[in-house]
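Here is a quick tour for anyone opening this entry for the first time. Have a look at the picture, then read on.

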Amino acid sequence: MASSLPICIILAILFPAIVSAKQFIVGDGKGWTTNFDYQAWAQGKYFRVGDILVFQYPAGAHNVFKVNGTGFQQCIKPPINEALTSGNDRIVLATPGRKWYICGVGQHCAVGGQKLFINVNPALVAPSAAPSQAIGSGKEFIVGDGHGWTPYFDYQAWAQGKDFRVGDALVFKYPAGAHNVFKVNGTGFQQCIKPPASEALTSGYDRIVLATPGRKWYICGVSQHCAAGGQKLFINVNPAITAPSAAPSQPTVSANQFVVGDSQGWTTYFDYQAWARGKDFRVGDTLVFQYPVGAHNVFKVNGTGFQQCIKPPVSEALTSGNDKIVLATPGRKWYICGVGQHCAAAGQKLFINVNPAH
């Protein structure tokens, strides 16, 4: 069974070309505990995709939750079934970007400062003898073009029709000190919630490489620039375009398609967690939400949005009645219906964990 394989073999399967993945014991000799400065511990460390975080603590005394920036800042606990509780919790850093972790026991996060924020860089890849595939264009987009990053400009109109791809770069240009850039989630975008100040980009020429596909949200955190001046941007990033390779293709395992709820479809008063239990969702698989058009919709949310049934902006709703979502990245995924009280009162919501592709 895969669970009995040594971690080095698992890493070799998941990340075959990664150079020497590291293991980080969070807090080193102190482990995972209260009243310890984890930001000072993380400072200067270079975390990469494929590396492992190990949270060590007496089982029952603490736990580990993966959260978003808002959950980190406000110490919001996700649903209890997402807690890691073994006392030797190992988390493989599977994707690049910012990662946040908290302890959900008592006031350990809010009062004891038991929380960790890190930034994960792309993996180091060993040179390969096989011919490499040419990744498409790698375009650079100056946000707002000649207007730059400023209040009272329609960034959604600017983004409309643009084909953002993995590997492209966004450049936010503005007078240093006049503005800044925060990457947020859908709720933070809608409500103009500022993450911790330490996460702000402030150079005046902030370059963000789009490392993963999916929806991305950015706001200015200065004064009321987001809430009153509309200084915020939402884009959808598509997978990279790859050129055909002359090398013989590798055999792949066919992706599965899951009709959510099977014959019941996407509806109220159905136990979607029971439906999902035991299913092996993989990167490349597809979820299909089927329902009468107008009766329901589908929002992708984060753990807090799932727990509290928080609806993202209506522009993010899927409404076709046969909504297909390709699972593009590994990790936890949450979906809710945003119609009426369908989520809060009738339990129309789904949580799954997506495993790496075969």
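## The surface and the overall build

Accessible area here comes from the Shrake-Rupley method, run with a 1.4 Å probe. On that footing, the chain exposes about 17,600 Å², and 55% of this is supplied by carbon and sulfur atoms. Keep in mind as you go that what you see is a predicted model.

The chain holds 7 helices and 20 strands. It has 358 residues, and 45% of them count as buried. Now for how the chain folds back on itself: take the contacts between residues at least 6 apart in sequence, and 74% of them join residues at least 24 apart.

## Two nonpolar cores

Nonpolar side chains tend to be buried together in soluble globular proteins. The largest nonpolar core in this chain has 20 residues, and the members touching the most others are Trp149, Phe164, Leu170, Phe172 and Leu233. Helix H4 (155-159), strand S10 (169-173) and strand S14 (232-238) each put in at least two residues. There is also a second, separate core, made of 19 residues, with Phe24, Trp41, Ala42 and Phe47 among them.

Phe172 is a good residue to click on. What is Phe172 in contact with, once its neighbours within four places in sequence are left aside? The list runs Val143, Trp149, Val181, Gly204, Tyr205, Asp206, Ile208, Tyr218 and Leu233. Two of those names, Trp149 and Leu233, also appear among the core members that touch the most others.

## A three-stranded sheet

Strands of a sheet pair through backbone hydrogen bonds, in either a parallel or an antiparallel way. One open sheet here has 3 strands in the order S17-S19-S20, and the pairing is antiparallel. Strand S17 (299-301) and strand S20 (349-354) stand at the edges with a single partner strand each, so one side of each has no neighbour in the sheet. On average, neighbouring strands of this sheet are turned by 30 degrees against each other, ignoring direction.

S19 and S20 are joined over 6 bridges, in the antiparallel sense. Tyr335 sits in strand S19, where it stands opposite Leu350 in S20. Is Tyr335 buried or exposed? It is buried, with a relative accessible area of 1%. Asn302 is 33 residues away from Tyr335 along the chain, yet their C-alpha atoms are separated by 8.2 Å.

## Salt bridges

Side chains of opposite charge can pair when their charged atoms come close. Counting a Lys or Arg side-chain nitrogen within 4 Å of an Asp or Glu carboxyl oxygen as a salt bridge, the total is 6.

One of them joins Arg332 and Glu82, at 3.0 Å from N to O. Arg332 lies in strand S19 (residues 331-336) and Glu82 in the loop between helix H3 (69-74) and strand S5 (88-92), so this pair ties together parts that are 250 residues apart in sequence. Glu82 counts as buried, because its relative accessibility of 7% falls under the 20% cut-off.

Another pairs Asp163 with Arg165, whose closest N and O atoms are 3.0 Å apart. Asp163 is partly exposed at 33% relative accessible area, and Arg165 is partly exposed as well, at 22%. Arg282 and Asp280 also meet in a salt bridge, again 3.0 Å from N to O. Their relative accessibilities are 21% for Arg282 and 32% for Asp280, and partly exposed is the label for Arg282 and for Asp280.

Conventions: Residues are numbered from 1 along each chain as its sequence is written. This is a predicted model: local features need pLDDT of at least 70, side-chain atom pairs count only at pLDDT 80 or more; totals for chains, interfaces and linings use all residues. Side-chain values use heavy atoms; hydrogens and water are left out. Helices (H or I, at least four residues) and strands (E, at least two) are DSSP runs, numbered from the N terminus. Buried means under 20% relative accessible area, exposed over 50%, partly exposed in between (1.4 Å probe, protein chains only). Contact means heavy atoms within 4.5 Å. A nonpolar core is a set of buried Ala, Val, Leu, Ile, Met, Phe, Trp, Tyr and Cys residues joined through side-chain atoms within 4.5 Å. Two strands pair if DSSP finds at least two bridges between them. Axes are lines fitted to C-alpha atoms, for helices over the stretch in contact, and angles run from 0 to 180 degrees between N-to-C directions.
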